[in-house]
Amino acid sequence: MATVGAAIVLNPAPEADQLPDQLPDQLPGLLPEQITAWFAAKTWAPFAFQREVWEAYLRGESGLIHCATGSGKTLAAWFGPVLEWLEHNPHYLVADIEAPPLTVLWITPMRALAADTVDSIQKPISQLGLPWTVGLRTGDTSSAVRAKQNKKMPTALVTTPESLCLMLSQPDAETTLASVRCVVVDEWHELLGSKRGVQVELALARLRTWQPALRTWGLSATLGNLEQAREVLLAGKVGRMVSGVQDKQVLIDTLIPSNVHKFPWAGHLGLVMVEEVAKQLDACFDMERTDSGTALVFTNTRSQAEIWYQALLAIRPMWSGELALHHGSLDKSVRQYVEDGLKSGSLRAVVATSSLDLGVDFSPVGRVLQIGSPKGVARLLQRAGRSGHAPGQVSRISCVPSHAFEFIEAAAARVAANAKKIESRRLIEVPLDVLVQHLVTLALGDGFIPVEVLPEIKSTFAFRNLTSSQWQWALDFITRGGDALQAYPEYQKVVVDGGIYVVQNATIARRHRMNVGTIVSDAMMEIRFGNGARLGFVEESFIARLKAGDAFTFAGRTLVLVRIKDMTAYVKAASSSNKLVPSWGGGKMPLSSELAAAVRQILQDFKTQAHQEPEVMAVSRMLATQQRVSRIPDAAELLIEQFESKEGHHIFMFPFAGRHVHTGLAALLSYRLSLMQAAT
């Protein structure tokens with residue numbers, strides 16, 4: 001087994017004369033004694049970019065912080081509000097001061113990240129002795145905790161876009177959020193270009209209506225269109241772009257077996273490399289080694305995570321209890337156990353999906369492996385950042401191909417990353433479904449008057465071009481279901497009472513609050529043992545294929561379906577070797593345009609005998625066979641192959657551009673063929 005690759009430096013640090021001119025002279029007097037002592041106790045020193053953010057915040061500015069993962073973005077955003085409070089309460093340690101009201105809303109895209117953020121921002125204020133309180137409010141938060149928060153909100157509330165929308169749907173939302181002075185949107189690059197991001201835009205617009213002086217700061221790591229990201233976050237207002245620590249070294253390599261001649265040429269769940277991966281992880285389970293750290297084994301799908309977790313345990317049964325599984329369909333208690341185990345070091349390795357992609361702070365993580373193609377450059381760099389998750393440390397990720405062509409995709413990802421070909425997020429404009437949901441949310445609160453709320457909605461980037469006809473359609477849809485659904489009373493969600501649009505039906509209100517969100521998926525079915533213990537959720541379409549007595553794998557266990565009742569699948573433990581692995585709709589991941597372009601260029605370089613990456617040389621036999629019996633396309637060519645079998649004539653087209661492009665071209669070609677000759 002060999003590892004290949006080279007360290008890359010992403011976005012080299014700015015030269016001294018590129019840093020803000022005024023900061024060095026001003027900063028010694030900027031930090032209070034308590035903050036200076038806190039940094040000194042940790043043998044840390046604030047970065048220049050952190051100081052720039054704090055100064056900008058104290059001036060009332062908003063902005064976007066962009067820097068490598070694990071380089072101090074959280075402290076940069078968090079200490080702005082803290083410093084402002086200290087300005088007005090310098091003697092808090094000797095005064096009897098109550099916890100301030102809700103001051104900071106911290107929005108994160110994932111529940112796992114939310115829980116970790118609470119810990120990250122709670123530690124410094126506890127160590128500083130501040131009377132601040134920090135709370136968490138997500139879909140996992142118990143009703144008892146939410147009820148306690150409703151009586152008295154914490155000083156800082158970490159939440160998700162969906163939970164924030166639920167707060168806005170309450171009649172007392174304006175009063176509850178009246179004291180908010182700052183909103184931090186964590187991992188903004190993850191929300192940008194999605195309907196969840198539009199949800200955040202609309203929520204921010206509502207908060208700015210209530211608090212015109214609200215300051216908004218976004219945190220972003222890897223992103224191609226940063227200027228546009230800032231514009232969307234700040235609704236076109238002027239704001240800072242702060243570049244943080246950028247000289248982060250990232251080592252990207254690929255595991256190449258000594259004999260690749262028998263490597264499969266297709267598939268995406270293959271376990272051909274499971275023994276090699278186990279060898280890479282052996283050091284993490286060596287109790288005599290203190291420098292190995294833990295390991296994260298990333299897969300692209302939940303079903304792939306289940307398969308690899310089982311396969312690793314099958315060849316290393318002694319890892320039981322120290323190897324864990326983590327993905328978004330598992331029950332909260334299971335996910336929390338894994339996250340706590342990573343933090344404490346009791347777990348040595350975790351097989352995970354994107355549920356652990358983002359800024360969750362598990363240190364030290366010694367190894368990160370990516371099973372299969374990363375599908376995108378930004379995703380690969382994001383996952384690499386889980387290791388070396390601290391300033392000055394090197395991040396490393398090893399790609400593990402599951403079939404021969406993924407060697408090429410791994411090489412392409414490294415080449416693209418080295419060339420800083422990072423994906424931009426394509427923005428969504430005028431998503432009327434999100435607008436309709438938001439209007440019902442506002443109607444659930446204090447209600448709204450269309451002429452007053454329209455400027456607020458049009459202040460967002462997503463709805464800046466909203467037309468009067470689209471606006472009228474949205475109002476018509478929420479009041480009578482539009483032309484298509486007006487015959488169904490359940491779609492008449494909102495009524496007009498004295499010119500105010502409100503929701504009066506309690507059933508409609510409850511249903512809306514239970515379904516707030518823009519993540520669309522198949523109906524989910526709960527998985528429980530007979531004693532009531534919950535394991536998580538799986539899509540109904542999978543369970544529908546099973547009958548009582550069938551075995552399947554979920555949450556790292558082999559289970560037998562006992563019965564289905566009330567959207568719950570009751571199961572029992574089993575040891576059957578005939579088992580299925582659940583499939584989820586999120587498994588159809590497209591190749592990014594940047595990575596697809598790099599793949600096509602590598603294929604052309606092989607044909608022209610230009611510089612070859614080690615991964616390409618490893619599968620040169622496959623490529624040579626392709627070149628001999630067919631053709632290797634140039635970067636701007638479409639490969640078309642045809643052959644005849646007993647079923648008839650077959651044509652295959654290879655754009656090498658990813659699922660979305662392939663699906664679109666297939667539909668277009670089918671349509672044009674149907675114009676030439678009637679066909680199914």
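The protein chain holds 26 helices and 24 strands, where helices (H or I, at least four residues) and strands (E, at least two) are DSSP runs numbered from the N terminus. The model is a predicted one: local features need pLDDT of at least 70, side-chain atom pairs count only at pLDDT 80 or more, and totals for chains, interfaces and linings use all residues. Residues are numbered from 1 along each chain as its sequence is written, and side-chain values use heavy atoms, with hydrogens and water left out.

Of the 680 residues of the chain, 51% count as buried; buried means under 20% relative accessible area, exposed over 50%, and partly exposed in between (1.4 Å probe, protein chains only). Contacts, meaning heavy atoms within 4.5 Å, often reach far along the sequence: among those between residues at least 6 apart, 73% join residues at least 24 apart. Helix H15 (residues 377–384) is a good case of burial, since seven of its eight residues are buried and H15 is therefore largely enclosed by the rest of the structure. Charged or not, side chains turn up on that list, which includes Leu380, Gln382 and Arg383.

Next come the helix pairs. Two packed helices are described by the angle between their axes and the distance between the axes. Here, axes are lines fitted to C-alpha atoms, for helices over the stretch in contact, and angles run from 0 to 180 degrees between N-to-C directions. Helix H10 (residues 195–210) packs against helix H18 (residues 450–458) at about 120°, the axes being 9 Å apart. H10 and H18 are therefore oblique to each other, given that angles under 35 degrees count as roughly parallel, over 145 as roughly antiparallel, 65 to 115 as roughly perpendicular and the rest as oblique. On the H10 side the contact is made by Leu202, Ala205, Arg206 and Thr209, and on the H18 side by Val453, Glu456 and Ile457. By class that gives four nonpolar, one polar and two charged residues, with Ala, Val, Leu, Ile, Met, Phe, Trp, Tyr, Cys and Pro taken as nonpolar, Asp, Glu, Lys and Arg as charged, and the others, Gly among them, as polar.

Helix H2 (residues 33–41) and H4 cross at roughly 145°, and their axes come within 11 Å. Ile35, Trp38 and Phe39 of H2 meet Leu75, Phe79, Val82, Leu83 and Leu86 of H4. The residues of this contact divide into eight nonpolar, no polar and no charged. H4 (residues 73–88) also carries glutamate 84, which touches Tyr57, Leu58 and Arg215, not counting residues up to four places away in sequence.

Then there are the aromatics. Rings of Phe, Tyr and Trp (its six-membered ring) pair if their centres lie within 6.5 Å; planes under 30 degrees apart count as stacked, over 60 as edge-to-face and the rest as tilted. The count comes to 19 aromatic pairs. In one of them, the rings of phenylalanine 285 and tryptophan 319 have centres 4.0 Å apart and planes at 5°, so the pair is stacked. Phenylalanine 285 is buried, at 11% relative accessible area, and tryptophan 319 is buried too, at 3%. Phenylalanine 405 and phenylalanine 656 are also stacked, 5.6 Å centre to centre with 20° between the planes. This pair links distant parts of the chain, 251 residues apart. Ring pairs also link Trp38, Phe39, Trp44, Trp54 and Phe79 into a cluster.
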